[in-house]
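Got your viewer open? Load the model, switch to a cartoon view, and let's take a walk through it together.

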Amino acid sequence: AEVEHNTVNFCDVEEITSANTRTITQSSQGVHRNLDLQHIGVALIARDHYQGHLLRITADMTPNPHTKRVVHSMGDALEYIREWRDSLNSHNQLA
């Protein structure tokens with residue numbers, strides 16, 4: 001089976017620190033070295049706007065930041081994934 005999207009829920013994360021931000025960034029870079037994920041949409045679910053801001057900064061430091069969107073609910077995540085899939089389908093039809 002092929003992965004088309006990923007959803008990561010950070011709502012239970014109590015605190016985003018420089019240490020776990022570094023871990024997230026290094027983890028993401030490692031995964032991107034081994035897999036071509038430039039066509040995988042990633043929804044990052046944040047508990048609040050402050051956490052969302054920190055997640056956006058972290059996402060911008062990872063490979064393919066354009067594939068990631070910070071959202072605030074599972075419904076928003078699913079909507080983003082639908083939009084992502086639709087945009088890929090449109091792009092593939094034009095190619």
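Before you select anything, one term: a residue is buried with under 20% relative accessible area, exposed with over 50%, and partly exposed in between, using a 1.4 Å probe and protein chains only. You're looking at a predicted model, where local features need pLDDT of at least 70 and side-chain atom pairs count only at pLDDT 80 or more, while totals for chains, interfaces and linings use all residues. Residues are numbered from 1 along each chain as its sequence is written, and side-chain values use heavy atoms, with hydrogens and water left out.

**Stop one: the sheet**

Helices and strands here are DSSP runs, numbered from the N terminus: H or I of at least four residues for a helix, E of at least two for a strand. Select residues 5-9 for strand E1, 41-45 for E2 and 68-71 for E3. Together they form an open sheet of three strands in the order E1-E2-E3, with parallel pairing. E1 and E3 are the edge strands, each pairing on one side only. From one strand to the next, the twist averages 20°, taking axes as lines fitted to C-alpha atoms (for helices, over the stretch in contact) and angles from 0 to 180 degrees between N-to-C directions.

How many bridges join E1 to E2? Five, and the two strands run parallel. For strands to count as paired, DSSP has to find at least two bridges between them. Pick out asparagine 6 and you'll see it opposite valine 42 in E2; valine 8, likewise, stands opposite leucine 44. On to E2 and E3, which pair in the parallel sense over four bridges. There, alanine 43 stands opposite arginine 69 in E3.

Now show the side chains of E2. In a regular strand, side chains alternate between the two faces of the sheet. On one side of E2 you have Gly41, Ala43 and Ile45, on the other Val42 and Leu44, and all are buried. That's five of the strand's five residues.

**Stop two: over the helix**

Add helix H2, residues 49-60, to your selection. E2, H2 and E3 make a right-handed β-α-β unit. To check the hand, look with the strands pointing away from you: the crossover is right-handed if the path from the first strand over the helix to the second runs clockwise.

**Stop three: lysine 68**

Zoom in on lysine 68, which is found in strand E3. Is lysine 68 buried or exposed? Buried, because its relative accessible area is 11%. Its C-alpha atom is 5.9 Å from that of alanine 43, although the two are 25 residues apart along the chain. Turn on the side chain of threonine 62 as well: a polar contact of 3.2 Å joins it to the side chain of lysine 68. (A polar contact is a pair of N or O atoms within 3.5 Å; within protein, one must be able to donate a hydrogen and the other to accept it, and residues adjacent in sequence count only if both atoms are side-chain atoms.) The backbone oxygen of proline 63 also lies 2.6 Å from a polar atom of the lysine 68 side chain.

**Stop four: charged pairs**

A salt bridge here is a side-chain nitrogen of Lys or Arg within 4 Å of a carboxyl oxygen of Asp or Glu. By this rule there are four. Try these, among them.

- Select glutamate 83 and arginine 69: their closest N and O atoms are 2.9 Å apart. This pair links distant parts of the chain, with glutamate 83 in helix H3, arginine 69 in E3, and the two positions 14 residues apart. Both are partly exposed, glutamate 83 at 35% and arginine 69 at 34%.
- Select arginine 82 and glutamate 79, with closest N and O atoms 3.1 Å apart. They sit three residues apart in H3, so about one helical turn separates them.
- Select arginine 47 and aspartate 48, where the closest N and O atoms are 3.6 Å apart. Arginine 47 is partly exposed at 40%, as is aspartate 48 at 30%.

**Last stop: two rings**

Stay with helix H3, residues 74-94, and select tyrosine 80 and tryptophan 84, four residues apart, about one turn of the helix. The structure holds one aromatic pair. Tyrosine 80 and tryptophan 84 form it, tilted, at 6.2 Å centre to centre with 45° between the planes. The rule: rings of Phe, Tyr and Trp (its six-membered ring) pair if their centres lie within 6.5 Å, and planes under 30 degrees apart count as stacked, over 60 as edge-to-face and the rest as tilted. Tyrosine 80 counts as buried, at 4% relative accessibility, and tryptophan 84 is buried too, at 12%.
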